[in-house]
Amino acid sequence: MTTRLADIAAQAGVSEATVSRVLNGKPGVAATTRQSVLAALDVLGYERPVRLRQRSEGLVGLITPELENPIFPALAQVIGQALTRQGYTPVLATQTPGGSTEDELTEMLVDRGVAGIIYVSGLHADTTADMQRYERLRARGVPFVLVDGFSPKVQAPFISPDDRAAMGLAVTHLASLGHTRIGLALGPKRFVPVQRKIEGFVRTVQEQLGLAAETVETELVQHSLYTLEGGQAAATALMDRGCTAVVCASDMMALGAIRAARQRGLEVPTDISVVGFDDSPLIAFTDPPLTTVRKPVPAMGQAAVRTLLEEIGGTPAPHSEFVFMPELVVRGSTASAPGDRNRP
């Protein structure tokens, strides 16, 4: 027990006496300190005493498209932690090809009496989908929040990154390195985030490089799937059109673009620069470390939970979109354009 107290105290940065007070449920410990001790318990793999286990305020559903792209587990972790801090129990429901649909997962969650649902990159992002499903859910009295996507037809709070600004950051960075032929690899056009990325990309390429919008859309934008293979296929097509830099709409696609370049015997970033989107976990440790546009996952996840709990509590947030600014993270996959090596 003494060893355990010392371990927890060292991890939490507090005294052993403070750890003892928390574990024994004694008063006189600040909430933040108590939280640090509980976090230390969890990190070190110790079981929490029964008296410290939180009673659930209820279940909250979280529906994500899949978990192969590491950005979805990262977002699920932020949302799950924020929910448990507020006493709620998160229930993760994942769509996979050939598995349960969003509507089926919604029914399962509603049947289990969830207090609310958070949708990530769901059908609300698909401009061809029927948005009446969300109005029917609202009519049943189930609060929900929609992340990554927007529809004016749905009266609900939306949480999004600024996709247009993200493309502005990426293109401006590449143009400053002397690239004049910059391509964009992204998913199917029917999705709202894709359409917004195209808008931001086209506008910035026009401003930075003086190309006509029609030329940019027809020659420099390539649609594919949000997978490594999709990025590889899109990048191959863009390299065939003479692109010396490729902006990808996900880090997974960017890894595919790097693979496509290497299959041609090209070096990244010497011969071609690649920019990702998300800054998913471990992406800083790829070869080369990936320059990417960081999606503000912690802020978005916490906002989604806060907004949903306001809906559950009967003080709904405005039915509007909360947009979060991304950040360019420059690493080793971008460099001066070939033939422009005298630039700093």
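In the predicted model, ring pairs join Y119, Y134 and F144 into a cluster. A search of the whole structure finds four aromatic pairs. For Y119 and Y134, the ring centres lie 5.5 Å apart and the planes meet at 85°, so this pair is edge-to-face. The contact links distant parts of the chain, with Y119 in strand β3 (residues 116–120) and Y134 in helix α6 (residues 132–139), 15 residues apart. Both Y119 and Y134 are buried. Y119 also forms an aromatic pair with F144, again edge-to-face, with 6.3 Å from centre to centre and 90° between the planes. This pair likewise connects distant parts of the chain, since F144 belongs to strand β4 and Y119 to strand β3, 25 residues apart. Because buried residues are those under 20% relative accessible area, Y119 qualifies with a relative accessibility of 2%, and F144 qualifies with a value of 0%.

Charged side chains are also placed over aromatic rings. The charged end of R4 sits over the ring of Y46, at 5.5 Å from the ring centre. K197 lies over the face of F277, and here the distance to the ring centre is 4.2 Å.

The backbone was examined for unusual geometry. Most residues other than glycine have a negative phi, and most peptide bonds are trans. Two cis peptide bonds are described here, each leading into a proline. One joins V268 and P269, with omega about 10°; P269 is found in the loop between α11 (251–263) and β9 (273–278). The other runs from D287 to P288, with omega near -5°, and P288 lies in the loop between β9 and β10 (291–294).

Positive phi values occur at D148 and L282, neither of which is a glycine. In D148, phi is about 65°, and the residue is placed in the loop between β4 (144–147) and β5 (158–161). With a relative accessibility of 6%, D148 counts as buried. In L282, phi is near 75°. L282 is located in the loop between β9 and β10, the loop that also holds P288 of the cis bond. L282 counts as exposed because its relative accessibility is 67%, the cut-off for exposed residues being over 50%. The two residues with positive phi thus differ in their surroundings, D148 being buried and L282 exposed.

Key. Residues are numbered from 1 along each chain as its sequence is written. This is a predicted model: local features need pLDDT of at least 70, side-chain atom pairs count only at pLDDT 80 or more; totals for chains, interfaces and linings use all residues. Side-chain values use heavy atoms; hydrogens and water are left out. Helices (H or I, at least four residues) and strands (E, at least two) are DSSP runs, numbered from the N terminus. Buried means under 20% relative accessible area, exposed over 50%, partly exposed in between (1.4 Å probe, protein chains only). Rings of Phe, Tyr and Trp (its six-membered ring) pair if their centres lie within 6.5 Å; planes under 30 degrees apart count as stacked, over 60 as edge-to-face and the rest as tilted. A charge sits over a ring if NZ of Lys or CZ of Arg is within 6 Å of the ring centre and within 35 degrees of the ring normal.
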